[in-house]
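Me: I would like a close look at a single part of this structure. Please describe it formally, in terms that a first-year student can follow.

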Amino acid sequence: MTTLDSGLQQRMADKIKLLDSICARARIMPVITIAREEDILPLADALAAGGLTVLEVTLRSAFGLTAIRRLREERPELCIGAGTVLDRQMLAAAEEAGAQFIVTPGSTTELLKASLDSPVPMLPGTSSASDIMIGYALGYRRFKLFPAELSGGVAALKALGGPFGEARFCPTGGVNTENLTRYMAQPNVMCVGGSWMLDSQWIKNGDWAKVQQCSAEALKLLD
Ligand code: 3PG
């Protein structure tokens, strides 16, 4: 954190604490892309009924910002983050919509710097030691590992634990019920993310019971 002044260091420490509590609450963080506006509330309700109450809503569809806004207003008991934040403009829009945390698929110095002044914590995406070093230089210590399976999965997390002893990760991308317990057993994993509980056919058919059941079954694996 040598490049940050003491005010920014304190702010980053506060945000790391906040991320730790958000990720501890989540354990599994669904990555949601809303295709139809009418799906926003039933989809979130199904996840919550299955025990998943911390949601990453991606800005990949036209309804991402609307979903964040509506969930913040109509489901204040949930914790709503914005995902697929790629640049400064998307960061500003996500914060303006009320996102309680920000997730990015990768790391650029520009984007990570843009978030430094904000009280809203960011989980920068990393897939390599170099990405983590971009974050480290700016004081970041909590990251998304993306795409987790393609980036080496559990073996990569073990290896990264050497040089980056303070880093904690949310592996996402290829995580599912087959491998999630192996990820969660790693000391540098705080939660996992993924979209396997949001099968596109279930959503298309409004089969919310399946979303709920799949979420609950995944959480049960962690008991
Ligand atoms: C993400 O953006 O984090 C991923 O799309 C989620 O990965 P998954 O679809 O492989 O679970």
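Which residues surround the ligand, and how does helix H2 pack with helix H10 and with helix H3?

Reply: The model is predicted, and the ligand is a suitable starting point. The residues surrounding the ligand are Val31, Arg60, Lys144, Phe146, Thr172, Gly173, Gly174, Gly194 and Ser195. Lysine 144 places a side-chain N or O atom 2.7 Å from an oxygen atom of the ligand. Two glycines take part through their backbones: a backbone N or O atom of glycine 174 is 2.8 Å from a ligand oxygen atom, and a polar backbone atom of glycine 173 is 3.5 Å from an oxygen atom of the ligand.

Helix H2 comprises residues 40-49, and helix H3 comprises residues 64-74. Their axes come within 10 Å and cross at roughly 60 degrees; H2 and H3 are therefore oblique to each other. The crossing of H2 with H3 is right-handed. H2 contributes Ile40, Leu41 and Ala44 to the contact, while H3 contributes Thr66, Ala67, Arg70, Leu71 and Glu74. Of the residues in this contact between H2 and H3, five are nonpolar, one is polar and two are charged.

H2 also packs with helix H10, residues 208-220, at an angle of about 35 degrees, and the two axes are 7 Å apart. H2 and H10 likewise form a right-handed crossing. Here Pro42, Leu43, Ala46, Leu47 and Ala49 of H2 meet Trp208, Val211, Gln212 and Ser215 of H10. The contact of H2 with H10 has seven nonpolar residues, two polar residues and no charged residues.

Note on methods. Residues are numbered from 1 along each chain as its sequence is written. This is a predicted model: local features need pLDDT of at least 70, side-chain atom pairs count only at pLDDT 80 or more; totals for chains, interfaces and linings use all residues. Side-chain values use heavy atoms; hydrogens and water are left out. Axes are lines fitted to C-alpha atoms, for helices over the stretch in contact, and angles run from 0 to 180 degrees between N-to-C directions. Helices (H or I, at least four residues) and strands (E, at least two) are DSSP runs, numbered from the N terminus. Angles under 35 degrees count as roughly parallel, over 145 as roughly antiparallel, 65 to 115 as roughly perpendicular and the rest as oblique. A crossing is left-handed if the near helix is turned anticlockwise from the far one by less than a right angle, and right-handed if clockwise. Contact means heavy atoms within 4.5 Å. Ala, Val, Leu, Ile, Met, Phe, Trp, Tyr, Cys and Pro count as nonpolar, Asp, Glu, Lys and Arg as charged, and the others, Gly among them, as polar. A residue is near a molecule or strand if one of its heavy atoms lies within 4 Å of it. A polar contact is a pair of N or O atoms within 3.5 Å; within protein, one must be able to donate a hydrogen and the other to accept it, and residues adjacent in sequence count only if both atoms are side-chain atoms.
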